[in-house]
Amino acid sequence: PAPFPPDALGPNIDKMTMEIHHNKHHGGYANNLNKAISANAPQLDGKPLEQVLASNCAAVPEKARTAVRNNAGGHANHSVFWKIMSPDGGGEPGGELREAINDTFGSFAELKAEINDAGAKRFGSGWSWLVWDGTGLAVYSTANQDSPHMQSDVPVLGIDVWEHAYYLKYQNKRPAYLEAWWNVVNWPEVERRFAAAKSG
């Protein structure tokens, strides 16, 4: 379940988008992942998503690798996405995360600009990420449902830029959606994720 009701993120993200996005899209990834693993890689049943995605799903038989990769990535990415949003979100980060952002990017404003730019320039569908790469923070974009876990990176913050995440409200105005998204970011959870990633 999502950690908030479907209408809780308005006006930045509307109720219908949340219902379709969470129940249909994310629900579909979870259900299809379970089917693919059950039929083709039962040894992975119950394993953490990070372990399933490690080394680009190398432990999965080749005939099922694409299905597991796409659905495990979608499930993992969305599982982060719902937690890093909140009806009480917005503002700016604090503590050690803010210090790390300032050290790496110069300022929070610069980080926000980089993430928005990566999301706006993602051709087709994908995600824009702030990750911990083992040595520090980095920003990049991934295609479709590819996950930072496939590169052994830890997602600290990610914005879904698939059309299903924004099109009902924003139509083709992806940059407007990206700008509005920062009004719902759940900084305490992002800061928690950063601290956990940094400590290993």
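How do the residues of the lining of the largest cavity divide into nonpolar, polar and charged? I opened the notebook with this point, working throughout from a predicted model.

**Entry 1: the cavity**

I found that the lining of the largest cavity divides into seven nonpolar residues, two polar ones and no charged ones. The count of cavities of 30 Å³ or more comes to one, and I noted about 30 Å³ of space in the largest cavity. I listed its lining as Ile13, Thr17, Met18, His21, Phe81, Trp82, Met85, Ala165 and Tyr177. Helix 1 and helix 3 (62-83) are the elements that give two or more residues to this lining. I then looked up which element gives the largest share, and it is helix 1, with three residues.

**Entry 2: the largest pocket**

I turned next to the open spaces. The largest pocket holds about 190 Å³. I recorded Leu49, Glu50, Ala76, Ser79, Val80, Lys83, His149, Glu189, Arg192 and Arg193 as its lining. Two or more of these residues come from each of helix 2 (49-57), helix 3 and helix 8 (187-198). Helix 3 supplies the largest share, four residues. By class, I entered three nonpolar, two polar and five charged residues for this lining.

**Entry 3: the second largest pocket**

For the second largest pocket I noted about 150 Å³ of space. Its lining consists of Glu50, His149, Val154, Arg192, Arg193, Ala196, Ala197 and Gly200. Comparing the two lists, I saw that Glu50, His149, Arg192 and Arg193 line the largest pocket and also line the second largest pocket. Here the largest share, four residues, comes from helix 8. I classed the lining as three nonpolar, two polar and three charged residues.

**Entry 4: salt bridges**

How many salt bridges does the count give? I arrived at six. Side chains of opposite charge can pair when their charged atoms come close. I wrote out three of the pairs.

- Glutamate 189 pairs with arginine 192, and their closest N and O atoms are 2.8 Å apart. Both residues belong to helix 8 and stand three residues apart, about one turn of the helix. I marked glutamate 189 as buried because its relative accessibility is 14%, under the 20% cut-off. Arginine 192 is partly exposed at 44%. Both partners also appear in the lining of the largest pocket.
- Aspartate 117 and lysine 121 form a salt bridge with an N to O distance of 3.2 Å. I placed both in helix 5 (residues 108-121), four residues apart, about one turn of the helix. Aspartate 117 is partly exposed at 36% relative accessibility, whereas lysine 121 is exposed at 62%.
- Glutamate 96 and lysine 198 meet in a salt bridge at 3.8 Å, N to O. Glutamate 96 lies in helix 4 (residues 95-105) and lysine 198 in helix 8, so this pair ties together parts that are 102 residues apart in sequence. I noted lysine 198 as partly exposed, with a relative accessible area of 47%.

**Entry 5: backbone geometry**

Most residues other than glycine have a negative phi, and most peptide bonds are trans. I therefore looked up the departures from this pattern.

Which residues does a cis peptide bond join? I found glycine 10 and proline 11, with omega about 5°. Proline 11 sits in the segment before helix 1.

I also recorded positive phi values in residues other than glycine. Asparagine 144 has phi near 50°, and serine 152 has phi near 65°. Asparagine 144 is in the loop between strand 2 (137-143) and strand 3 (154-160), and serine 152 is likewise in the loop between strand 2 and strand 3. As for cover, asparagine 144 is partly exposed at 41% relative accessibility, while serine 152 is exposed at 63%.

**Entry 6: a nonpolar surface patch**

My last search concerned the surface. I found that Met16, Ile20 and Leu168 form a nonpolar patch there, with about 280 Å² of accessible area together. I assigned isoleucine 20 to helix 1 (residues 15-40). Is isoleucine 20 buried, partly exposed or exposed? I entered it as partly exposed because its relative accessible area is 35%, a value between the cut-offs of 20% and 50%.

Terms used:
Residues numbered from 1 in each chain as written. Predicted model: local features only at pLDDT ≥ 70, side-chain atom pairs only at ≥ 80, totals over all residues. Heavy atoms only, no water. Patch = residues over 30% accessible without salt bridge, like charges linked within 9 Å, V, L, I, M, F, W, Y side chains within 5 Å. Areas by Shrake-Rupley, 256 points an atom, 1.4 Å probe, with all protein chains shown as cover. Salt bridge = Lys/Arg side-chain N within 4 Å of Asp/Glu carboxyl O. Buried < 20%, exposed > 50% of the residue type's maximum accessible area, 1.4 Å probe, protein only. 1 Å grid on protein atoms, 1.4 Å probe; cavity = no way out; pocket = protein on both sides within 12 Å on 5 of 7 lines; lining within 4 Å. Points joined across faces, edges and corners; volume = space filled by probe spheres on them. Nonpolar A, V, L, I, M, F, W, Y, C, P; charged D, E, K, R; others polar.
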